[in-house]
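Colleague: Got a minute to go through this one with me? I'd like to start with the terms and then get to the details.

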Amino acid sequence: MRSKVVFARMLRNRQTRYGLIALLLLLLLAYVGPFFGPHDWLEKDFTAFMEPPSADHWWGTTQIGQDVYAVALHGMQKSIVIGFLVALISTGLAALVGASAGYFGGWLDKALMWGADLLLVLPSFLIIAIVSPNLRGGSWLWFVLLLAAFSWMITSRVVRSMTLSLREREYILAARYMGIPGWKIIIRHVVPNLSSLLIIDATLNVSAAIIGEAGLSFFGFGVQPPDVSLGTLIAAGSDKVPGYSWLFLFPSGLLVLLVLSVNLIGDGLRDALDPGSNS
Amino acid sequence: MGAYLLKRLVSNVLLVAIAASMAYFLAATSLNPRAKYEGRQPPVAEAVIDSTLDDYNLNDKKPVFERYVTWVSGVVTGDLGKTWQGKSVNDEMGRRIGVSLRLLLIGTVLGSGIGVAVGAFAAIRQYRVSDRVIGVAAFVIMAVPVFVMAKMLTIGAVGMNELLGTKLEYTGEYTPGLSGWDQTLSRLNHLILPTISLCLGQIAFYSRIQRNMMLDVLGQDFVRTARAKGLSRKAALLKHALRTALVPAATYFAFTFGTLLTGAIFTEKIFGWNGMGAWLVDSIQQNDTNAVAAVNLFAAVCVLFAGLLSDFIVAALDPRVRVS
């Protein structure tokens with residue numbers, strides 16, 4: 001099986017292995033860690049405002065007495081979910097659009113690629129920031145869709161050009177002459193043959209989405225209260241720098257570790273699955 | 001070649017026009033400059049608000065399309081409209097482009113220059129300790145978002161000021177009240193931290209590209225030929241290898257410079273510089289429709305020019321392009 005070969009090759013790469021271990025540890029921290037902390041993330045300790053890290057509050061407290069350890073881990077859960085969802089949607093969209101454009105060609109190809117060009121010209125930051133006030137009160141899932149909508153274009157171009165050459169391969173010609181409809185060929189034959197590119201792209205999209213979310217939330221355009229994410233926490237903490245730096249340092253540290261581990265995996269994957277590339 | 005370039009230019013101009021129009025419609029329908037006047041104490045009469053907003057082409061009672069036509073006829077003649085306070089968007093933009101350029105010119109040139117040098121150095125010393133240290137450092141720096149980096153620099157500067165008694169500035173562009181030589185020094189002082197925050201990421205980025213490119217080129221025949229015809233190792237590396245390997249970095253340079261003009265949002269906001277990037281955020285937060293539209297138009301035009309610029313740079317550096 002091809003997928004087994006791919007998986008084995010992935011694990012043989014040292015970078016990917018370390019990245020996977022680090023990511024697993026971070027996931028454990030985010031989802032299991034809160035059970036070991038002495039406080040719940042919604043709890044407010046009215047005897048400790050803006051306290052530095054101590055035995056009771058491991059990472060200190062905020063100005064309303066929340067435990068930074070509990071809040072930061074809760075925020076990290078949201079950041080992880082957003083990162084993975086955005087990567088999944090954006091890579092899926094890139095694969096579908098790129099493969100259809102390349103496979104069907106003609107006016108569909110022109111229209112889809114022109115749309116991709118248009119989305120590239122629009123500065124995504126601006127559009128998301130303008131649209132997000134209208135979604136206030138709406139769910140953060142909208143925000144995920146917006147982030148994904150602006151991150152698939154370049155990959156879809158790569159997918160398209162690779163599909164153009166795949167289209168002429170014998171097995172695809174054979175499938176076409178057997179009368180199998182185009183969309184089925186794309187799902188069964190084209191996309192699986194691009195899997196290594198797509199896996200790498202999805203991984204790198206995870207870290208890009210996590211940073212993108214944090215960046216937008218930094219200005220209040222991203223995740224809206226009462227939801228918290230690493231971005232909103234960093235934004236809230238960065239006002240208190242340098243006096244109360246634990247409010248800023250712990251969420252930022254988690255963010256950097258998260259991005260670092262995902263990037264390690266992505267980089268290793270590229271070495272393992274795509275030996276020809278060099279960027 | 002000429003026809004191809006012309007065709008590309010036309011399609012790009014069309015894209016910019018569509019992008020700018022879409023941004024205008026979005027801003028005009030979802031931002032609410034009226035709220036800026038309605039909340040005032042003492043209250044302003046509605047008729048007064050209406051006539052003021054009419055003057056600035058911001059009245060939400062007028063159909064969006066009508067406002068759009070007014071806006072476009074202004075933009076075509078080079079007038080970007082008025083801010084919500086009634087000031088000229090053009091003046092504000094000119095001032096802010098100046099601020100951004102001052103920050104970005106130094107930052108981008110330093111960042112890409114040092115990055116290319118570091119990358120080329122790492123490639124020549126492949127797999128040695130220095131190469132590995134550079135590689136790991138670049139990898140870690142690229143995982144740190146700008147806003148975290150900028151704040152860390154602030155924390156570092158405050159700590160250094162306390163410990164060593166230095167006076168490293170971390171907010172604003174200049175110190176009011178100074179003049180002459182002192183003001184020049186103060187401006188330079190204010191530049192240090194934002195420039196570092198802009199540079200570090202770029203150095204990491206360029207060093208990775210340049211290292212890979214350089215490694216590709218180092219093994220090629222023309223470098224060996226250069227050595228064989230008697231050039232020293234240094235001359236062969238600098239004249240033949242580095243120049244060829246510069247092409248991709250130069251392409252990125254053109255593109256990042258175009259996007260940086262509005263892309264230094266975090267650096268400008270965190271260090272208190274009122275440039276284009278900061279305006280992008282401020283205008284949205286202030287419900288300043290015309291300013292938002294202007295920034296967006298500017299950003300789209302920048303990307304367009306960056307594309308053209310990168311074509312020219314590649315043609316200048318890569319002889320093969322000129323021949324074909």
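Modeller: Sure, one term up front: buried means under 20% relative accessible area, exposed means over 50%, and partly exposed is in between (1.4 Å probe, protein chains only). Also, this is a predicted model, where local features need pLDDT of at least 70, side-chain atom pairs count only at pLDDT 80 or more, and totals for chains, interfaces and linings use all residues. Residues are numbered from 1 along each chain as its sequence is written, chains are lettered from A and ligands numbered from 1 in the order in which they are written, and side-chain values use heavy atoms, with hydrogens and water left out.

Colleague: Fine. Is B:Asp311 buried, exposed or partly exposed?

Modeller: With a relative accessible area of 29%, B:Asp311 is partly exposed. You'll find B:Asp311 in helix α13 (residues 289-317) of chain B; helices (H or I, at least four residues) and strands (E, at least two) are DSSP runs, numbered from the N terminus.

Colleague: And how far is B:Asp311 from B:Thr251 in space?

Modeller: C-alpha to C-alpha they are 7.6 Å apart, with their positions 60 residues apart in sequence.

Colleague: What does UniProt have for chain B?

Modeller: The unreviewed entry lists "transmembrane region" at several spans, including 188-206 and 297-317. UniProt positions are in the numbering used here, feature names are shortened, and annotations may be inferred rather than shown by experiment. In the model, residues 297-317 of chain B are 100% helix and 0% strand, with end C-alpha atoms 30 Å apart. Residues 188-206 of chain B are also 100% helix and 0% strand, and there the ends lie 25 Å apart.

Colleague: Switching to chain A: how many helices and strands?

Modeller: Chain A has 13 helices and zero strands. Its C-alpha trace spans about 75 × 45 × 30 Å along the principal axes, and 51% of its 279 residues count as buried.

Colleague: Which residues are buried in α7 of chain A?

Modeller: In α7 (residues 140-149) those are A:Phe143, A:Val144, A:Leu146, A:Leu147 and A:Ala148. The buried residues of α7(A) pack against α4, α6 and α11 of chain A.

Colleague: Since α4 came up, why does A:Ser79 count as buried?

Modeller: Because its relative accessibility is 1%. A:Ser79 lies in helix α4 (residues 68-104). Contact means heavy atoms within 4.5 Å, and beyond its neighbours within four places in sequence, A:Ser79 is in contact with A:Ile210, A:Glu213, A:Ser229, A:Leu230 and A:Gly231.

Colleague: Now the interface. How many residues are in contact between chain A and chain B?

Modeller: 36 residues of chain A are in contact with 35 residues of chain B. About 3,300 Å² is buried between the two chains, and carbon and sulfur atoms give 83% of that; buried area is the accessible area (1.4 Å probe) that two parts lose on being put together, summed over both.

Colleague: How many salt bridges between chain A and chain B?

Modeller: One, counting a side-chain nitrogen of Lys or Arg within 4 Å of a carboxyl oxygen of Asp or Glu. B:Arg208 pairs with A:Asp267 there, the closest N and O atoms being 2.8 Å apart.

Colleague: Which elements on the chain A side touch chain B?

Modeller: Those giving two or more residues are α5 (106-121), α6 (124-131), α11 (195-218), α12 (230-238) and α13 (246-273) of chain A. The largest share, 10 residues, comes from α13(A).
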